[in-house]
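Hi,

Here is the structure I promised to pass on to you. Have a look at it first, and then read my notes underneath.

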Amino acid sequence: MSGGLLLSGAVAALLTAALPAPVSSPVVDNPPPDKIVIDVATVNGSGCPQGTAAVAVSPDNTAFTVTYSQYLAQAGGNSDPTSFRKNCQLNLIVHVPQGFTYAIASADYRGFLSLQPGASATQKASYYFQGSSNTVPKTHPFSGLYNDDWQATDSTDVAQLVWAPCGVLRNFNINTELRVNAGTANPGKVSFMTMDSTDGNISTTYHMAWKECPAT
């Protein structure tokens, strides 16, 4: 299993040949009944060393989650100079039920944040299908004093959803980044931001939208 990532979901049929879905094709209210399967092609980045991330598909096909165990950026004090920025790129192969295509409608990110007065942090993410242009990165800033859980949501209007092409299996890429700036008020004290979990309860959730591909 690539990158030591875990995988959850039952085996489903691969995409079959179909014409590209037109923009006017309606978004379906209910997800397809057959299960999706997500295989991990590659995983790279300082925020997700081998074996420290897990991917799981929700039973109702409406979302999948990524859970990290070592995704932490920090600055200040005796922090390593390179620790202020951590990133992760997941390259996923998403097998969906025959006759359907999907898009990422929203993504929920969360973790823990500890910032000294004057310190700041940002969480950034972008997504794209293999062969397509990157989406515009969405950035969420935070500032100190802060010592609590944090959460951020990226949402996309239905009209602006980027759909996987029908009839072509294209890898889906997720790029994320955490960045911490110690500031000048208390540079001797550590500030940090995590997007990780030690108990399995903190994870990133990607909510999926579905629509039917045109009949061949």
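Below is what turned up, starting with the overall layout and then going through the disulfides.

A word on the ground rules: this is a predicted model, so local features need pLDDT of at least 70 and side-chain atom pairs count only at pLDDT 80 or more, while totals for chains, interfaces and linings use all residues. Residues are numbered from 1 along each chain as its sequence is written, and side-chain values use heavy atoms, with hydrogens and water left out.

The protein chain has zero helices and 13 strands (both are DSSP runs numbered from the N terminus: helices are H or I with at least four residues, strands are E with at least two). Of its 216 residues, 44% count as buried, where buried means under 20% relative accessible area with a 1.4 Å probe, protein chains only. Residues 24 or more positions apart make up 82% of the chain's contacts with a separation of 6 or more (a contact being heavy atoms within 4.5 Å).

Now for the cysteines. Searching the whole structure gives two disulfides, meaning pairs of cysteine sulfur atoms within 2.5 Å. Counting bonded cysteines along the chain, the pattern is 1-2, 3-4.

One disulfide links Cys48 and Cys88, with the sulfur atoms 2.1 Å apart. Cys48 sits in the loop between β2 (37–44) and β3 (53–57) and Cys88 in strand β6 (residues 85–95), so this pair ties together parts that are 40 residues apart in sequence. The link is right-handed, with 100 degrees about the S-S bond, and both of these cysteines are buried.

The other disulfide joins Cys166 and Cys213, whose sulfur atoms are 1.9 Å apart. Here Cys166 is in the loop between β10 (146–155) and β11 (172–181), while Cys213 is in the segment after β13 (204–212), so the pair ties together parts 47 residues apart in sequence. This link is left-handed, at -85 degrees about the S-S bond. Cys166 and Cys213 are both buried too.

Strand β6 is worth finding on screen, as Cys88 belongs to it. Seven bridges join β2 to β6, running antiparallel (strands pair if DSSP finds at least two bridges between them), and Val37 has His95 of β6 as its bridge partner. Eight bridges join β6 to β11, also antiparallel, and there Cys88 is partnered with Thr176 of β11.

Cheers

Key
Buried means under 20% relative accessible area, exposed over 50%, partly exposed in between (1.4 Å probe, protein chains only).
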